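Please open the model in a viewer and keep the selection panel at hand. The tour below proceeds stop by stop.

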Amino acid sequence: MPTRTATRTHPYTCGSCAATHAKWVGRCTSCSAWNALVETSASLATVAQLGAVQPITELESGAATTVPTGMAEADRCLGGGMVPGSVTLLGGEPGIGKSTFTLQLAAARVRAGGRVLLVSAEESAFQVRLRADRLGAVLEDLWLAGDASVEAILAHADRLQPDLLIVDSVQTVHLAADTGSPGSASQVRGCAQRLVVEAKARGMATLLVGHVTKDGSLAGPKLLEHVVDTVLELTGDRHHALRMLRVVKHRFGRTDEVGLFEMRADGLLSVDDPSRLFLADRAPDVAGSVVLPTLEGHRPLLVEVQALVVRATTQHPRRSPRGLDPRRLALLLAVLERRAGVDLGALDVYATVVGGVHVAEPAADLPLALAVVSATTGRHLGDDVVVVGEVGLGGEVRQVAGMERRLQESHRLGFRKAVIPASAPDPPPGLEVVRVGTLSEAVRATGLMPPGT
Ligand code: TYD
Ligand code: MG
């Protein structure tokens, strides 16, 4: 009969329903999940046995102690650093820079006085050494292992006692006890669960790297999100140098931080003034270009939204967005036609966010709509104007979150005018605002439509 608390006599825990078992079985007798049992270490089982019920008032308070990794952008995302014994999952598409990031992080930790064991089950030690040469990561207390078995990795950890263990990647390591092939759902889950248990028992911070594909079809990070303490995601467009480190889940702090990096020949370099970077190559006085103060997490970022319209050559005009949601573009074109009298039926519409950034937030509605109008009429907004606001189906312009921060950043970068929703808070002194209640009001107030149309 399965019990709920791991004990010495029932050391196997089901990763699916948490029932415990005396012996390893292929299928959990409690929830019928296949290959979900993981052996819980004896030390943890003892801890679980001793754990008593306590009033919350008698528990120690205070934030979890973090140990800085030494890499500023990573520490910013993690709220100061990694918590000993915590497990972090770093997800991202293949080739985006996860191995580069982890090697740099390992080097930073070692420079800050730590000892790191980096398990590279994907690449040979030789390949890692080559990269380390390039990244300046050849350091005394950075240890490499090429093992693919979790048992062997833990044996190395026993000997070295690292304060940070990095496993690159969780899809290529395996548990000897599990007969499934590496990368299979049961192996990925089993390895992660075992590493979580060991990390907690040893107080060793652990970073697991996991691949995600665009459609998320590979067994991987999605499967593990609930098992780990923190989930980071490294994203970016492979044709651009910008990489963003986002916090998807964080048990020890906030999840609205982002780290920004530029991928260069010598590794990832933190970007200190991203807005300036995105606007550096902006051409003056071009129709179809509108600057949006967007928010990445709680970090304001100025990006350029561009639109181009041309006469459609087929019966079905093209709607081609890049870095923007296609459904959002379609919706805005419909609203423009019905609520602002801008007829786009016979035109191909191209829209893009410059710099490889993806903007999913509704705050991009108004700038995108105005960029399309500007591209259609050939009139431009002016170089010192930013636009922000959500557009509803009725053509109304709605308030968006974080307006103060967006306007502050716009002002800092020398923009003098902002087109904002009517209900938005007051801007910082020195920034003129044009408040608009509807899309057609915005089109008129900005002079994008010739008078009399
Ligand atoms: P990598 O870290 O191997 O990606 P992942 O582990 O996510 O699959 O790096 C991917 C790309 O980054 C690689 O194709 C080359 C590029 N790169 C640089 O541009 N500069 C560098 O210093 C390094 C190490 C890699
Ligand atoms: Mg890699």
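How many salt bridges does the structure hold? The structure holds 25 of them, a salt bridge being a side-chain nitrogen of Lys or Arg within 4 Å of a carboxyl oxygen of Asp or Glu. This is a predicted model, in which local features need pLDDT of at least 70 and side-chain atom pairs count only at pLDDT 80 or more, while totals for chains, interfaces and linings use all residues; side-chain values use heavy atoms, with hydrogens and water left out. Residues are numbered from 1 along each chain as its sequence is written, and chains are lettered from A and ligands numbered from 1 in the order in which they are written.

**The whole chain**

Begin with the full C-alpha trace, which spans about 85 × 55 × 50 Å along its principal axes. Colouring by secondary structure shows 12 helices and 21 strands; these are DSSP runs (helices H or I, at least four residues; strands E, at least two), numbered from the N terminus. Of the 453 residues, 50% are buried, where buried means under 20% relative accessible area, exposed over 50%, and partly exposed in between (1.4 Å probe, protein chains only).

**Salt bridges**

Select Arg76 and Glu257, whose side chains meet in a salt bridge of 3.6 Å, N to O. Arg76 belongs to helix α2 and Glu257 to the loop between β10 (242-250) and β11, so the pair ties together parts 181 residues apart in sequence. Arg76 is partly exposed at 33% relative accessible area, whereas Glu257 is buried at 12%.

Next, select Asp229 and Lys200, which form a salt bridge at 2.8 Å, N to O. Asp229 sits in the loop between α7 (221-224) and β9 (230-236) and Lys200 in helix α6, so this pair ties together parts 29 residues apart in sequence. Asp229 is buried at 4% relative accessibility; Lys200 is partly exposed at 40%.

Then select Asp273 and Arg412, a salt bridge whose closest N and O atoms are 2.8 Å apart. Asp273 is in the loop between β12 (267-270) and α8, and Arg412 is in helix α11 (residues 403-412), 139 residues away in sequence. Finally, add Glu73 and Arg299 to Arg76 and Glu257: salt bridges that share partners join these residues into one network.

**A buried aspartate**

Return to helix α2 (residues 72-77) and select Asp75. Which side chain of opposite charge is nearest to Asp75? It is Arg109, 8.1 Å away; Asp75 is buried yet has no salt bridge. Lys and Arg count here as positive and Asp and Glu as negative; His and the chain ends are not counted. The side chains of Asp75 and Thr69 are joined by a polar contact of 2.7 Å (a pair of N or O atoms within 3.5 Å; within protein, one must be able to donate a hydrogen and the other to accept it, and residues adjacent in sequence count only if both atoms are side-chain atoms).

**Ligand 1**

Now centre on ligand 1. Among the 16 residues around ligand 1, Gly95, Lys98, Ser99, Thr100 and Arg264 come nearest, a residue being near if one of its heavy atoms lies within 4 Å. An oxygen atom of ligand 1 is 2.8 Å from a side-chain N or O atom of Ser99, and a nitrogen atom of ligand 1 lies 2.6 Å from a backbone N or O atom of Arg264.

**Backbone features**

Last, select the peptide bond from Asp168 to Ser169, which is cis, with omega near 5°.
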